Amino acid sequence: MTTDDTALETYLLASMRLAAHADPAPRRLATDAMAALAMRLPGCVVAAPADLAAASGARADGRPQMHRFAAGETTLDVETTVTDGLLEIAGQVSPPPAPSAYVEIRTPHLAKVRVPSSDGQFAVTGLPPGWVSVAYHRPSDPPVVTRWLRVRA
Amino acid sequence: MLFEVHDESIPLDLLDDHAWSELVACFNSRMWAVARAAGLGTADAADAVQGAWLRLVESVDRIRDPQAIGAWLMTTTRREALRLGRKAGQEFPTDPPDLYEHPTFLTPDPTTEIVDADYGRTLWSRVSRLDEPCRTMLRLFALNPDARNAQVAARMQLPVGSVGPTKKRCSAKLRTLLAEDPVEH
């Protein structure tokens with residue numbers, strides 16, 4: 001079976017369920033979709049995973065997961081851990097940040113801002129698990145944002 | 001640049017709350033159906049759908065054909081679902097392409113237009129023309145989104161190992177029927 005056949009099989013099944021009202025979407029799905037729009041950061045530079053095999057979609061399973069994102073010479077290392085149902089993030093931006101730079105750790109429902117240390121390190125706790133992205137705001141350049149990463153326990 | 005939602009043209013570079021809510025109203029249920037049909041449970045399917053919306057926010061400036069934005073959303077949902085399912089240890093018939101390495105990342109699957117309730121209603125009429133066990137098997141999978149092969153096997157008194165191959169064969173027969181007698185959409 002080719003990828004196209006597999007896709008078609010998925011779409012056929014989806015259409016049959018839509019027609020039969022067999023599996024309606026939960027109400028919160030629309031709220032989540034609307035929340036995504038607020039995550040738009042015009043003019044930002046998207047940092048792609050530098051190690052795709054270890055990148056987004058990983059389940060933390062209580063162990064730290066390392067992710068590296070890069071855009072040009074800027075690198076963001078993001079370590080994620082889910083502890084007691086909450087997401088913790090420790091990270092580092094490089095090269096070392098300018099004094100007025102800051103990092104915004106974003107989820108669709110909650111964002112926290114941290115000023116990185118002089119060597120670029122930052123940390124945050126108490127975020128809801130799920131989709132997360134780090135935005136690195138620099139004083140004289142466009143913000144760099146990581147691709148969205150899903151982290152679940 | 002424009003895309004079509006409910007016969008209205010909306011500037012893509014003006015994705016305000018109204019335009020976005022139109023997109024959500026038009027495609028969210030379809031994206032959910034795609035994520036679930038790709039084999040995800042409800043929690044992972046919700047993540048896959050929200051992930052696709054976030055990818056749209058992330059990629060909106062790079063989409064080549066704004067008129068295909070619905071197709072792009074459903075394609076991205078399916079690929080995201082395959083990726084999340086793979087991470088969760090689910091088994092899939094083929095290894096899903098990486099969302100970012102795949103050369104067609106920004107090119108939607110050509111068949112997403114069939115993800116539509118009207119098309120689905122006609123599909124049901126084609127399913128009723130199938131012989132057994134295909135008719136019953138496809139109905140069971142369509143009407144029981146959380147059904148797994150073992151449950152379908154027990155219900156139909158078939159060996160568990162035969163369900164996957166039979167389902168593929170039945171889907172192929174349905175596609176043949178569709179090719180012989182296409183659904184208008």
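**Salt bridges between the chains**

I started with salt bridges and counted five between chain B and chain A. Worth jotting down at once: I'm working with a predicted model. One of the five pairs I looked up joins the side chains of B:Asp47 and A:Arg150, with 2.9 Å from N to O. Next I asked how many residue pairs are in polar contact across this interface. The rule finds 18, counting pairs with both residues at pLDDT 80 or more.

**Which parts of chain B touch chain A**

I went through the helices of chain B. Helix 1 (17-37), helix 2 (42-59), helix 3 (69-87), helix 4 (117-127), helix 5 (134-143) and helix 7 (160-180) each bring at least two residues to the side that touches chain A. Helix 1 gives the most, with twelve residues. I then sorted the residues on that side of chain B by type: 33 are nonpolar, twelve are polar and 23 are charged.

**How much area gets buried**

A reminder to myself: people often give the size of an interface as the accessible area lost when the parts come together. Here chain B and chain A bury about 5400 Å² between them, and carbon and sulfur atoms give 64% of that. Which three residues supply more of chain B's share than any other three? They turned out to be B:Gln50, B:Leu54 and B:Arg175, with 12% of the area that chain B buries against chain A. As for contacts, 68 residues of chain B meet 49 residues of chain A.

**A stop at B:Arg55**

I picked B:Arg55, which sits in helix 2 of chain B. Buried or exposed? B:Arg55 is buried, because its relative accessible area is 0% and the cut-off for buried is under 20%. Its side chain makes a polar contact of 3.1 Å with the side chain of B:Glu80. I also checked B:Arg55 against B:Thr76: they are 21 residues apart in sequence, yet their C-alpha atoms are 7.9 Å apart in space.

**Over to chain A**

Chain A has two helices and ten strands. Reading along the sequence, I get α-α-β-β-β-β-β-β-β-β-β-β. Of its 153 residues, 49% are buried. I looked at contacts between residues at least 6 apart in sequence, and 49% of them join residues at least 24 apart.

**Strands 3, 4 and 7 of chain A**

Strand 3 (residues 74-83) pairs with strand 4 (residues 86-94) in the antiparallel sense, over nine bridges. A:Thr81 has A:Glu88 as its bridge partner in strand 4. Two residues lie between the strands of this hairpin, and A:Asp84 takes a positive phi near 50° there.

Strand 4 also pairs with strand 7 (residues 121-127), again antiparallel, over five bridges. Here A:Gly91 stands opposite A:Phe122 of strand 7.

In a regular strand, side chains alternate between the two faces of the sheet. I checked strand 4 for this: A:Leu87, A:Ile89, A:Gly91 and A:Val93 are on the covered face, while A:Leu86, A:Glu88, A:Ala90, A:Gln92 and A:Ser94 are on the uncovered one.

**Last look: A:Asp77**

A:Asp77 lies in strand 3 of chain A. I noted A:Asp77 as buried because its relative accessible area is 18%, under the 20% cut-off. What does its side chain join in a polar contact? The partner is the side chain of A:Arg68, at 2.6 Å. Leaving out neighbours within four places in sequence, A:Asp77 has contacts including A:Met66, A:His67, A:Gly91 and A:Phe122.

Conventions
Residues are numbered from 1 along each chain as its sequence is written. Chains are lettered from A and ligands numbered from 1 in the order in which they are written. This is a predicted model: local features need pLDDT of at least 70, side-chain atom pairs count only at pLDDT 80 or more; totals for chains, interfaces and linings use all residues. Side-chain values use heavy atoms; hydrogens and water are left out. Contact means heavy atoms within 4.5 Å. Buried area is the accessible area (1.4 Å probe) that two parts lose on being put together, summed over both. A salt bridge is a side-chain nitrogen of Lys or Arg within 4 Å of a carboxyl oxygen of Asp or Glu. A polar contact is a pair of N or O atoms within 3.5 Å; within protein, one must be able to donate a hydrogen and the other to accept it, and residues adjacent in sequence count only if both atoms are side-chain atoms. Helices (H or I, at least four residues) and strands (E, at least two) are DSSP runs, numbered from the N terminus. Ala, Val, Leu, Ile, Met, Phe, Trp, Tyr, Cys and Pro count as nonpolar, Asp, Glu, Lys and Arg as charged, and the others, Gly among them, as polar. Buried means under 20% relative accessible area, exposed over 50%, partly exposed in between (1.4 Å probe, protein chains only). Two strands pair if DSSP finds at least two bridges between them.
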